[in-house]
Amino acid sequence: MRHVDQELPEPAAQAGGIRAVGIERRFGRGASRVHALGPLDLDVGAGEFCCIVGPSGCGKSTFLRIVAGLVKPTAGRVEVTAATAHPAAMVFQNYGISPWKTVLANVRFGLDLRRVPRKEADARARDWLGRLGLADFADRYPATLSGGMQQRVSIARALAVEPEILLMDEPFAALDAQLRTILQDELLEICQADRRTVLFVTHSLEEALVLGDRVLVMSARPGRLIAERVPPFARPRTGEVRRSPEFAAMQAELWELLRGEVEQASTRKPDTDRERDREQHRNPKQGGKQEKDKEEVAS
Ligand SMILES: Nc1ncnc2c1ncn2[C@@H]1O[C@H](COP(=O)(O)OP(=O)(O)OP(=O)(O)O)[C@@H](O)[C@H]1O
Ligand SMILES: [Mg+2]
């Protein structure tokens, strides 16, 4: 299913599609149970770049982990259409790199798993390290790098396997503003040259608008999709779109959609039945609303 009306080049021969149907996730048991996510339905077409924004704690990382097959949904299912056996690579919010491996070995990791011959794997890993400005750090260990550099190792590791599906969880969050802009532009180029399917979580509306064919807005927890916008910028696009009046207008519109959800998430509701009970003892007049929330969590 395509959600952009401008002409796009044909997707790369290998680009996977994602269909999520009725996804829900709850964590914990009994009084500690938290309804983190859903229900949520989403179709991401082959070669589509889909960005997700939403308040902290609304289940974005959980959703990406479910798509990656790392977390099981409590309800619903994910169908991935792909040509290869390991179609997806993920860039984790907390980098997800191994501290005991050198930078080069970390970037080579996915290639080793796919049994790419060592010489070719080394060359590809070094190429991606170079593109991400880390050529001189191949033999270092992650603990000797800054947070932004570790984040780039994690990005290089995902890109090195040239996956059909890229799952990126705030991949640029730890970078300074200048490098972030440079890498956004580089990712645009990579994805437009060889259109991969990308599911990209970010807190930056600007980033979502520069990169996305589609921007999805999630509600406060339990996260559901509440709106979707299609940035009106033709492909191939460059970072120049940041300067257009439509860009500012859509950024403002998205912020209006998101503001209430962020406020709701930041005036944090109790997470669990146990916390609700405690709060009700302190503030018995709000019992009605808390009972309603309780039913939702228990359901
Ligand atoms: N393994 C877990 N066990 C218990 N609760 C969890 C677990 N993972 C996530 N949660 C809860 O699920 C909710 C959603 O978490 P998640 O990390 O998906 O949010 P997020 O939208 O990615 O937030 P952020 O923008 O801060 O990264 C939170 O309330 C979190 O505490
Ligand atoms: Mg997260």
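**Notebook: helix packing, ligand shell and odd backbone spots**

Helix 2 and helix 4 come out roughly parallel to each other, because angles under 35 degrees count as roughly parallel, over 145 as roughly antiparallel, 65 to 115 as roughly perpendicular and the rest as oblique. I am working from a predicted model, in which local features need pLDDT of at least 70, side-chain atom pairs count only at pLDDT 80 or more, and totals for chains, interfaces and linings use all residues. Residues are numbered from 1 along each chain as its sequence is written, and chains are lettered from A and ligands numbered from 1 in the order in which they are written.

**Entry 1, helix 2 with helix 4**

I looked up the geometry: helix 2 (residues 103-113) packs against helix 4 at about 30°, with the axes 7 Å apart. Axes here are lines fitted to C-alpha atoms, for helices over the stretch in contact, and angles run from 0 to 180 degrees between N-to-C directions. Helices (H or I, at least four residues) and strands (E, at least two) are DSSP runs, numbered from the N terminus. I noted the crossing as right-handed, meaning that the near helix is turned clockwise from the far one by less than a right angle (anticlockwise would be left-handed).

Which residues make the contact? From helix 2 I listed Val 103, Asn 106, Val 107, Phe 109, Gly 110 and Leu 111, and from helix 4 Val 153, Ala 156, Arg 157 and Ala 160. Two residues are in contact if their C-beta atoms, placed from the backbone, lie within 7 Å. By class I got 7 nonpolar, 2 polar and 1 charged; Ala, Val, Leu, Ile, Met, Phe, Trp, Tyr, Cys and Pro count as nonpolar, Asp, Glu, Lys and Arg as charged, and the others, Gly among them, as polar.

**Entry 2, helix 3 joins in**

I checked helix 3 (residues 118-131) against helix 4 (residues 147-160): their axes come within 9 Å and cross at roughly 135°. That makes helix 3 oblique to helix 4. Arg 124, Ala 125, Trp 128 and Leu 129 of helix 3 meet Ala 156, Leu 159 and Ala 160 of helix 4. This contact has 6 nonpolar, no polar and 1 charged residues.

For helix 2 and helix 3, I found axes within 9 Å, crossing at roughly 125°, and the crossing is right-handed. The helix 2 side includes Leu 104, Arg 108 and Asp 112, and the helix 3 side includes Ala 121, Asp 122 and Trp 128. I get 8 nonpolar, no polar and 4 charged residues there.

**Entry 3, ligand 1**

How many residues surround ligand 1? I have 14, and the closest are Phe 27, Ala 36, Ser 56, Ser 61 and Thr 62. A residue is near if its C-beta atom, placed from the backbone, lies within 6 Å. Strand 2 (34-44) and helix 1 (60-68) each give two or more residues to this shell, and helix 1 gives the most, with 3. The shell has 4 nonpolar, 8 polar and 2 charged residues.

**Entry 4, backbone oddities**

I found a cis peptide bond joining Gly 38 and Pro 39, omega about 10°; Pro 39 is in strand 2. Another joins Arg 235 and Pro 236, omega about -10°, with Pro 236 in the loop between strand 9 (225-229) and helix 7 (245-266). Tyr 95 is not a glycine, yet has a positive phi of about 75°.

**Entry 5, confidence**

The chain's mean pLDDT (the predictor's confidence in each residue, from 0 to 100) is 85, and 85% of its residues reach 70 or more. Residues 1-13 are below 50, and so is the stretch 285-299. Where pLDDT is low, the predicted coordinates should not be read in detail.
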